[in-house]
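Dear colleague,

Please find below the structure that I am handing over to you. My account of what was found in it follows directly after.

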Amino acid sequence: MSTLTAPQLINIATQFGTPVYVYHAEKISEQYQKLTDAFKGCDARVFYACKSLTNLNILKHVLSLGASLDCVSINEVKLGLMAGFSKENILYTPNCVDFEEILEAKELGVNINIDNISILEQFGNRFGGSYPVCIRLNPHIMAGGNFKISTGHVDSKFGISIHQIRHIERVVKTTGLHVTGIHMHTGSEIKDINVFLMGLNVMFSMAEHFPNLQYIDLGSGFKVPYQPGDPETDVNELGQKVAEAFAQHEKETGKKLQVWFEPGKYLVSQCGYLVVKTNVIKQTPATVFVGVNSGFNHLIRPMMYEAYHHIENISNPQGTPRIYTVVGNICETDTFAWDRTLTEVREGDYLVFYNAGAYGFEMSSNFNSRLKPAEVLVQDGEARLIRKADVFEDLLRNQVL
Ligand SMILES: *Cc1c(COP(=O)(O)O)cnc(C)c1O
């Protein structure tokens, strides 16, 4: 298991200042290897869902492993191309964007995943079968760690309902659209592999409607452990079952299909650490607060998703365990953790938040006119700066006086 040690993180904090996001390249490699090993029984392609962490250095590292890229905005597509991904290896999976952005993606030559009948129609009218497309379907499966990250249920804005298959067929038939893929993504943090298998069955039944189909994209939602003892999606079992299902499907239909995946969290959650410094210890009648030099402007997951991030006091690992409430320095309730046992925390101690790679820096903001932190990448034992921390001038950059 690739992990960064407390002394390594303290060195980085001392050298680059805090708060700081630290990523460990070897951990990303390890996760990628685990996933590709698990799916070696099928013709599988892994598209890294880069919205989880888009720093170009991370994209380049993921590219070097052999992965493709899943993008949800045209800017992510451009970042992917800049990082060196070829257009064939980029999948553009937007939601509720205007047709102009779809046109731009087509100009750039990437794979396009369409999740709206209106766009499907416009695309078909304009290009007929001259440019292949993938269709994002909503299989109506409720899954995921939290309602906010569930996307396959009936109230979700994502995908085209499988109950609209007749309408899709009409559009495809009248415009001559060339549909080479169908896609589903039912949410994040799904530990039950049956959700994927149920979804796959739905996708197989939809596949019958598309004679030119080459792949089925099962999206993502692989769960990684956030707290000690947390389960992880059993990718090995899933890989085996998916391989069997595809083999069976091939036997029944004579069609050999690829399977695509779009992991974000699975690849980059555990590679990341947010190191912060304790500004103050504040005793109140009810609790002891540890006030750190960060907040939900840097890591919003605990506030937004009630996510658990494991925290350790790396400056005092041998200290007496005590119970704390860990909060940020934002003028808004920004509690990272209630009633958390940490080894005794003193003002000036460094704390580390684990699992900070995915949706950490990416969801950061300048709320309270505070500055975004630096990002550091550790590779081959060496730490290097891959994004400078904001400076005051960055707050003024686009203001017009
Ligand atoms: C966010 C997203 C993913 C990645 O989800 P994770 O839970 O981070 O693995 C994959 N595909 C699409 C379309 C997404 O929107």
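I begin with a backbone detail: D339 is placed in strand β15 (residues 335-343), where helices (H or I, at least four residues) and strands (E, at least two) are DSSP runs numbered from the N terminus. The phi angle of D339 is near 45°, a positive value in a residue other than glycine. A second backbone detail is the cis peptide bond from T18 to P19, with omega near -10°. P19 belongs to the loop between α1 (6-16) and β1 (20-24).

As to provenance, this is a predicted model, in which local features need pLDDT of at least 70 and side-chain atom pairs count only at pLDDT 80 or more, while totals for chains, interfaces and linings use all residues. Residues are numbered from 1 along each chain as its sequence is written, and side-chain values use heavy atoms, with hydrogens and water left out.

Domains and their interface

The domain assignment of the protein chain gives domain 1 (26-268) and domain 2 (269-391); such bounds come from an automatic or database assignment. Taken over C-alpha atoms, the centres of domain 1 and domain 2 are 32 Å apart. In contact (heavy atoms within 4.5 Å) are 26 residues of domain 1 and 23 residues of domain 2. The area buried between the two domains is about 2200 Å², and carbon and sulfur atoms give 50% of it; buried area is the accessible area (1.4 Å probe) that two parts lose on being put together, summed over both.

One salt bridge is found across this interface, the term meaning a side-chain nitrogen of Lys or Arg within 4 Å of a carboxyl oxygen of Asp or Glu. On the domain 1 side that touches domain 2, α2 (25-38), α3 (56-65) and α10 (265-268) each supply at least two residues.

Salt bridges

A search of the whole structure finds 13 salt bridges. In one of them, the side chains of E232 and K34 meet at 3.3 Å, N to O. E232 lies in the loop between β9 (215-217) and α9 (235-253) and K34 in helix α2, so the pair ties together parts that are 198 residues apart in sequence. R301 and E189 also form a salt bridge, with their closest N and O atoms 3.2 Å apart.

Ligand surroundings

The ligand is surrounded by 14 residues, of which K51, S188, S220, E262 and Y359 are the closest; a residue is counted if one of its heavy atoms lies within 4 Å. Polar side-chain atoms of K51 and Y359 lie 2.7 Å and 2.6 Å, respectively, from an oxygen atom of the ligand. For K265, a backbone N or O atom lies 2.9 Å from a ligand oxygen atom.

Yours sincerely

How values were computed: Polar contact = N/O pair within 3.5 Å; in protein donor to acceptor, adjacent residues only side chain to side chain.
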